[in-house]
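You asked for a quick read of this one, so here are my notes. Have the structure open while you go through them.

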Amino acid sequence: MSGVPAGNDGPVPEDQQTPAAQLPAADDVTDEAVRDEPPADEPTATITPYRDGPLIVRGDFRLVDTDGNEIDPGRKTVALCRCGKSGIKPFCDGTHKRAGFHSGSAPSRPRPAARIFQEHQG
């Protein structure tokens, strides 16, 4: 995983911290308010595609192979190969640099489902 951006995982200065979110009382929660929240028993993670590099996965997640066998990542932050050239797939080993892999960090165009969702929201 050498050469992979580490992100900004350091402490946040007090003057830049945001107050902790207040959870509504149980009787104030509606289906609409919790629709986008993962179930409490589900893993949660942030996945960040790095420009010309791997997918960085941070948080609580399960990694499984195509047969459903769990792969132990050994940590809470991993880099997953996007170029297909890594010698330690599914993890990144930095080969994307030597292979000349190029890909943006965001989709080049919106997914059709996202457009349909936005049309129904507006």
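The points below go from the sheet to the loops and then to the core.

1. First, a word on what you are looking at: this is a predicted model. Please read everything that follows in that light.

2. Start with the sheet. It is open, has 3 strands in the order β1-β2-β3, and its pairing is antiparallel. β1 (45-49) and β3 (77-80) are the edge strands; each has a single partner strand, so one side of each is left without a neighbour in the sheet. From one strand to the next, the twist averages 20°.

3. Now the β1 and β2 pair. These two strands run antiparallel and are joined by 5 bridges. If you want a place to begin tracing the pairing, try Ala45, which sits opposite Gly59 in β2.

4. On to the other pair. Strand β2 (residues 55-59) is joined to β3 by 4 bridges, and again the two run antiparallel. Two pairings to look for here: Arg58 has Thr77 as its bridge partner in β3, and Leu55 stands opposite Leu80 in β3.

5. Have a look at the turn between β1 and β2 as well. The hairpin these strands make has 5 residues between them, and one of these, Asp52, takes a positive phi near 60°. Most residues other than glycine have a negative phi, which is what makes this spot worth a second glance. Is Asp52 buried, exposed or partly exposed? Its relative accessibility is 29%, so Asp52 counts as partly exposed; buried would need a value under 20%, and exposed one over 50%.

6. There is another backbone detail further along. Which residue does a cis peptide bond join to Pro90? Lys89 is the one, and omega for that bond is about 10°. Most peptide bonds are trans. To find Pro90, go to the loop between β3 and α2 (95-99).

7. Last, the nonpolar core. The largest one has 6 residues: Val57, Phe61, Leu63, Val78, Leu80 and Phe91. Nonpolar side chains tend to be buried together in soluble globular proteins. Val57 is a good residue to click on: leaving aside its neighbours within four places in sequence, Val57 is in contact with Ala45, Thr46, Ile47, Lys76, Thr77, Val78 and Leu80. Two of these contacts, Val78 and Leu80, are also members of that core.

Key:
Residues numbered from 1 in each chain as written. Predicted model: local features only at pLDDT ≥ 70, side-chain atom pairs only at ≥ 80, totals over all residues. Heavy atoms only, no water. Pairing = 2+ DSSP bridges. Axes fitted to C-alpha atoms, helices over the stretch in contact; angles between N-to-C directions. Buried < 20%, exposed > 50% of the residue type's maximum accessible area, 1.4 Å probe, protein only. Core = buried A, V, L, I, M, F, W, Y, C linked by side-chain atoms within 4.5 Å. Contact = heavy atoms within 4.5 Å.
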